[in-house]
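Welcome, and please have your viewer open beside this page. We will go from stop to stop, with something to select at each one.

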Amino acid sequence: MKAIMISFDQAHYESVLAVLDRTNARGFTMMEQTQGRGSVNGDPHYGSHAWPSMCSTIFTIVTDEQEPALMERLQKLDTDNPMLGLRAFAWTIDKSI
């Protein structure tokens, strides 16, 4: 199993959910308002007067077979909308209950 953390501009919300649906990643946990700043470029997402946009973050657990398609679709979403910002990270889950 793989854990995927997806942090994204809130404008991506429906698109990220569509990616999860298309890759059969049914279960997830979402934090609606998270703050951050990209490591390469792009505007900060602080929810302030100077930087009003916000991020959301989703955690999902998928099978090893689902992970490549999910990450590929998220990469395409980010590439197609470079100014919004989207990052995804995957790591292996050894156990779950």
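## Starting with a salt bridge

Select D78 and R87 to begin: the two form a salt bridge, and their closest N and O atoms are 3.5 Å apart. Keep in mind as you look that this is a predicted model. Now colour the pair by accessibility. D78 has a relative accessibility of 15% and counts as buried, while R87, at 33%, counts as partly exposed.

How many salt bridges does the count come to? The answer is two, so let us visit the other bridge, using the rule that a side-chain nitrogen of Lys or Arg lies within 4 Å of a carboxyl oxygen of Asp or Glu.

Select K76 and D80. Their side chains meet in a salt bridge with an N to O distance of 2.7 Å. Show the cartoon as well, and you will find both K76 and D80 in helix α2, four residues apart, or about one turn of the helix. Are these two residues buried or exposed? K76 is exposed, with a relative accessible area of 51%, and D80 counts as partly exposed at 46%.

## Two helices side by side

Stay with helix α2, residues 67-80, and add helix α1, residues 13-22. Their axes come within 10 Å and cross at roughly 155°. Angles over 145 degrees count as roughly antiparallel, and α1 and α2 are therefore roughly antiparallel to each other. Turn the view to look at the crossing of α1 with α2, which is right-handed.

Next, show side chains where the helices touch. Which residues meet here? From α1, select S15, V16, V19, L20 and R22; from α2, select L70, R73, L74 and L77. Colouring this contact of α1 with α2 by residue class gives six nonpolar residues, one polar and two charged.

## A positive phi after α1

Move on to N24, in the loop between α1 and β2 (29-34). What is there to see in the backbone of N24? Its phi is near 60°, a positive value in a residue other than glycine. N24 also counts as exposed, with a relative accessibility of 62%.

## Along the loop between β2 and β3

Now select G42, which is found in the loop between β2 and β3 (55-62). G42 counts as partly exposed at 42% relative accessibility. Try a distance from here to helix α2: the C-alpha atoms of G42 and L74 are separated by 17 Å, with the two positions 32 residues apart along the chain counted as their spacing.

Further along the loop between β2 and β3 is S53. At 27% relative accessibility, S53 counts as partly exposed. Draw a line from S53 to D9: they are 44 residues apart along the chain, and their C-alpha atoms are separated by 7.4 Å. Leaving out residues up to four places away in sequence, S53 touches D9, P44, H45, Y46 and G47.

Then select M54, in the loop between β2 and β3 as well. Is M54 buried or exposed? With 12% relative accessibility, M54 counts as buried. Show what surrounds M54, again leaving aside neighbours within four places in sequence, and its contacts are F8, D9, Q10, Q33, T34, Q35, H45, Y46 and G47. Compare that list with the one for S53: D9, H45, Y46 and G47 touch S53, and these residues are in contact with M54 too. For one more distance, pick I6: M54 and I6 are 48 residues apart in sequence and 14 Å apart in space, C-alpha to C-alpha.

## Last stop, after β4

Finish at I93, which lies in the segment after β4 (86-92). Which residues does I93 touch, not counting those up to four places away in sequence? Select M1, K2, A3 and I61 to see them. A last line to draw runs from I93 to A25: the two are 68 residues apart along the chain, and their C-alpha atoms are separated by 15 Å.

Note on methods: Residues numbered from 1 in each chain as written. Predicted model: local features only at pLDDT ≥ 70, side-chain atom pairs only at ≥ 80, totals over all residues. Heavy atoms only, no water. Axes fitted to C-alpha atoms, helices over the stretch in contact; angles between N-to-C directions. Parallel < 35°, antiparallel > 145°, perpendicular 65-115°, else oblique. Left-handed = near helix turned anticlockwise from the far one by under 90°. Contact = heavy atoms within 4.5 Å. Nonpolar A, V, L, I, M, F, W, Y, C, P; charged D, E, K, R; others polar. Buried < 20%, exposed > 50% of the residue type's maximum accessible area, 1.4 Å probe, protein only.
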